[in-house]
Amino acid sequence: MSIEIVDDSSLPLTHQGRQRTNADARLIPVIPRTQFDFDVAIVGLGYVGLPTALSLHAAGLRVLGVDVSERRLAVIRSGEADLLESDRDRLETALEGDDFQITGDTYLLGDAAAVIICVPTPIDEHLTPDLEILASACTMVVDAAVPGQLLMLTSTTYPGCTRDLLVTPLLVRGLTAGKDIFVSFSPERIDPGNDRFAHEDVPRVVGGATPACQTAGAALLGRYARNIHGVSSLEVAEMSKLLENTFRAVNIALANEFAEACLALGLSVIEVINAAATKPYGFMPFFPGAGVGGHCIPCDPHYLLWQLRKAHVDAPVIEHAMSEIAGRPRRVLERVRETLADQGKPLRGARVLVVGVSYKPNVADLRESPALDILSMLADQGADVGFHDPFFGSVRLRNGSELTATVDPDAFGADLVVLHTDHDNVDWEWLSPEVLVLDTTYRRTDLPRRVQL
């Protein structure tokens, strides 16, 4: 893959060699490099980076995957990474060829025509963006940058972040976006465990530091994605991702409120939602649950709220939605207490088994899972807690203690079972008819003794 420099009239006539620098680097020659060993390098080979790398490789590009975790690299090389079956096939093919390499050597980033940054952007315990990983990755990419490259950020962040962490530091190095180098932002759109939409069919939004940067970013992603939606700036692209996930957060909070209303009125909230969803326009179904996990919904809106607080702008709808979502695990705790009390049992000393701890069905993903809060709060309240999940042998609770999985749920002798995540590979034959199940999914009407959240 080659990228054409649009405006090179002011470039000094220096040699083609590139010069590696540290964070306080000197200015470098800005004659664009025209030959690269790789078409694209992916920084961060997690739930977003690895599928992205495989999609680009399947489109015929020479791909370099870079991750600082040797453990993660070993998992990928073994073929055991948590992927869709279609991506597993792609990984097997990729590992057999010479045009797909994975490494922890960040020095090689300068050998790629394009670099895509796909690293986590979590929040801390104060609900403030934790930019340490992203800032470190961007510094690494800027330090290795060479003229003629395209640098693309896909990690969810605040509007202006790409400019702060890439465009400005590059300028300090003597590389001007749109003239010497290209900088773009395209929010990731990977949904772990969801095989209904092929990566190629999911439209990609692309913004650039300049029109030329946007064109370069669109050209790269257009190698595999069938639909590219260009926007006028980096900030519009960054904000669009925050809108996507804030929209979901607000509607999930609304679905949770409707679940409480339906419980009080003796109605099935799922039946109500399914009925409303028959309307072919003006409605989109969202469903209640024990909380929200994963990276997107629990974290992304807080990037927007953080930035708005700095600008002294109120966002009461978003704030209420995030507060409601954060409070759902405590609502589960309350319903456990109420359900046990109805059976004449106190919470302290009760044996409570949580089935399914990943944040969504059929994936081995614990990121921000409400189950961790639920297990932790139950243990803090004196319950004898356990969990059963085919994807995990142990989990770490909020107090740092490790809880080992219950392999035989029948032998646990639960006073109450909490259904948190309904994996397809969980066999419910062990459940005896007399055991109560608190169904936080609202969907398992076939269970013999079931109460709703």
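User: Welcome me in gently: is Arg-226 buried or exposed?

Analyst: Arg-226 counts as exposed, at 62% relative accessibility. Buried means under 20% relative accessible area and exposed means over 50%, with partly exposed in between (1.4 Å probe, protein chains only). The model is predicted, so local features need pLDDT of at least 70 and side-chain atom pairs count only at pLDDT 80 or more, while totals for chains, interfaces and linings use all residues. Residues are numbered from 1 along each chain as its sequence is written, and side-chain values use heavy atoms, leaving out hydrogens and water.

User: Which residue forms a salt bridge with Arg-226?

Analyst: Side chains of opposite charge can pair when their charged atoms come close. A salt bridge here is a side-chain nitrogen of Lys or Arg within 4 Å of a carboxyl oxygen of Asp or Glu. Arg-226 pairs with Asp-201, with the closest N and O atoms 2.3 Å apart. Arg-226 sits in the loop between α6 and β8, and Asp-201 in the loop between β6 and β7, 25 residues apart. Helices (H or I, at least four residues) and strands (E, at least two) are DSSP runs numbered from the N terminus. Asp-201 is partly exposed, at 45%.

User: Where do Arg-88 and Glu-85 lie?

Analyst: Both are in helix α3, three residues apart, about one turn of the helix. Their closest N and O atoms are 3.7 Å apart, forming a salt bridge. Glu-85 is exposed at 56%, whereas Arg-88 is partly exposed at 27%.

User: How many salt bridges does a search of the whole structure find?

Analyst: The search finds 22. There is also a salt-bridge network whose members include Glu-260, Glu-324 and Arg-328.
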